[in-house]
Amino acid sequence: MTIAMNLKVDGHSPIPIRRQLTEQHRHAIEGGGISRDQALPSIRELAGFLGVNPNTVARVIADLKSSGYVEARRGKGVFVAPAPPARPSPHLRESFLQDTVIRAAALGMTADDLSVGVLSLAGVRPAAVRGAVEVLLVECSPPELDFFAGQLEAHLPVRVDKVLLADLAAITRRPKQHGRWRAAVTSFCHLPQVEHLLKSKGVPVIALLTEAHLETLHRLAQFPPGTRVGVASTTVETAHNLEHSIANAGLPNIALVGVCPAEGAALGRLVRRADVIVCSTAAAARVRGLAGSTVQVMIDDRALDQRAIEMLAALLVRENGDRPTAAPRRRLGPHPPIARKSRSGAARVTVSGKRCECAVAR
């Protein structure tokens, strides 16, 4: 029962007990407090020790299973997964939370004030984009459409209308087809073409360049000097975006040796030149089939640039002619994004003096 002894339930906290226990388990697993392949106490034992409803504990275990932290083994019980999912390191999260608590205390806020405030903000949506707002998403392949659509709908209360780049010209010729779109979204490399096709339609266009996950960059930084890294994805444009994001990290120990789509002979040539291949989930099976045991395969499905998501939220509010009652969900940081007009009329985001690769065009 050593696992249960490290768990605490605060009945007075505004955070639900289920969420308290789920996050404590995740933190313990990620920090090594619960070792890989270790068995968890039974639901009845854990509920009895903590004095909570067994149904609540059962839901906690179900949450941990669905997120990949634990697995059920028939006839044996529930065990910590051999390879739990990667999240930002516990050290980084603790540092962020400590900084947040110190800043809150400086304003006279108690821990309870902070908890209630965070919970109330987590459900906030801008009043002007509440409900059935439709956004046009334009990409060059179905996997890209699915990826971007899922990311956008996870961050903002929008309905995404997915259109392949090759079909956009025909769709925009349909009478009043464009009238329902509050904005159009595409990746940075397609911005000029999408802007040209929608220029006369009155639909603002935003480019959201995706970035490599921080966890990927941390793992790449651990390789020895001279490690050769290749990048593969379902389309060469996606691979180039991912390569650009890795290159911007400036890791001195790796050498980028090329990018290619996950189909065709070029992938085989890239695999033979690389020690590590960074690829998307959709490309992983083919990459692994060619890589064998000699080349390490790292999966990175990328994440949308949060500063650009903030710009999209602000644009939706502006297009509605209203102001939000609260800010949209955003990444916290000391330097808020500043939109500046370029000579071409596109808005660029500058963060801490550096231009971010995202843009808004009319």
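1. Glu-310 is a residue of helix α14, which covers residues 306-319. With a relative accessible area of 12%, Glu-310 is buried, because the cut-off for that class is under 20%. Its C-alpha atom is separated by 9.5 Å from that of His-155, although the two residues are 155 apart along the chain. It should be kept in mind throughout this note that the model is a predicted one.

2. Turning to the chain as a whole, there are 14 helices and 15 strands. The chain has 362 residues, of which 42% count as buried. Among contacts between residues at least 6 apart in sequence, 62% join residues that are at least 24 apart; the pair Glu-310 and His-155 is 155 residues apart, with the C-alpha separation of 9.5 Å already given.

3. The packing of α3 and α4 deserves a point of its own. Helix α3 comprises residues 43-50, and helix α4 comprises residues 54-66. Their axes lie 9 Å apart and the helices pack at an angle of about 120°, so that α3 and α4 are oblique to each other, since this angle lies outside the range of 65 to 115 degrees for roughly perpendicular and is not over 145. The crossing of these two helices, α3 and α4, is right-handed. On the α3 side the contact is made by Ile-43, Leu-46 and Ala-47, while α4 contributes Pro-54, Val-57, Ala-58 and Ile-61. By class, the residues of the contact of α3 with α4 divide into seven nonpolar, with no polar and no charged ones.

4. A second helix pair is formed by α12, residues 265-273, and α13, residues 281-291, whose axes come within 10 Å and cross at roughly 55°. The helices α12 and α13 are therefore oblique to each other, and α12 passes α13 in a right-handed crossing. In this contact Leu-267, Gly-268 and Val-271 of α12 meet Arg-286, Val-287, Leu-290 and Ala-291 of α13. The residues of the contact of α12 with α13 divide into five nonpolar, one polar and one charged; the polar one is Gly-268, because glycine is counted in the polar class, and the charged one is Arg-286, because arginine is counted as charged.

5. Which backbone angle of Asp-37 invites a closer look? Asp-37 has a positive phi of about 70°, although it is not a glycine. The residue lies in the loop between α2 (17-30) and α3 (43-50), so in sequence the loop leads into the helix that packs on α4. At 39% relative accessibility, Asp-37 counts as partly exposed.

6. Ala-249 has its place in the loop between α11 (236-248) and β9 (254-261). At 33% relative accessibility, Ala-249 counts as partly exposed. The C-alpha atoms of Ala-249 and Ala-221, which are 28 residues apart along the chain, are separated by 9.7 Å.

7. How many disulfides does the structure hold? The count is zero. A disulfide is a covalent bond between the sulfur atoms of two cysteines. As for the surroundings of individual cysteines, is Cys-279 buried or exposed? Cys-279 counts as buried, at 0% relative accessibility, whereas Cys-140 is partly exposed, with a relative accessible area of 28%.

How values were computed. Residues are numbered from 1 along each chain as its sequence is written. This is a predicted model: local features need pLDDT of at least 70, side-chain atom pairs count only at pLDDT 80 or more; totals for chains, interfaces and linings use all residues. Side-chain values use heavy atoms; hydrogens and water are left out. Axes are lines fitted to C-alpha atoms, for helices over the stretch in contact, and angles run from 0 to 180 degrees between N-to-C directions. Helices (H or I, at least four residues) and strands (E, at least two) are DSSP runs, numbered from the N terminus. Angles under 35 degrees count as roughly parallel, over 145 as roughly antiparallel, 65 to 115 as roughly perpendicular and the rest as oblique. A crossing is left-handed if the near helix is turned anticlockwise from the far one by less than a right angle, and right-handed if clockwise. Contact means heavy atoms within 4.5 Å. A disulfide is a pair of cysteine sulfur atoms within 2.5 Å. Buried means under 20% relative accessible area, exposed over 50%, partly exposed in between (1.4 Å probe, protein chains only).
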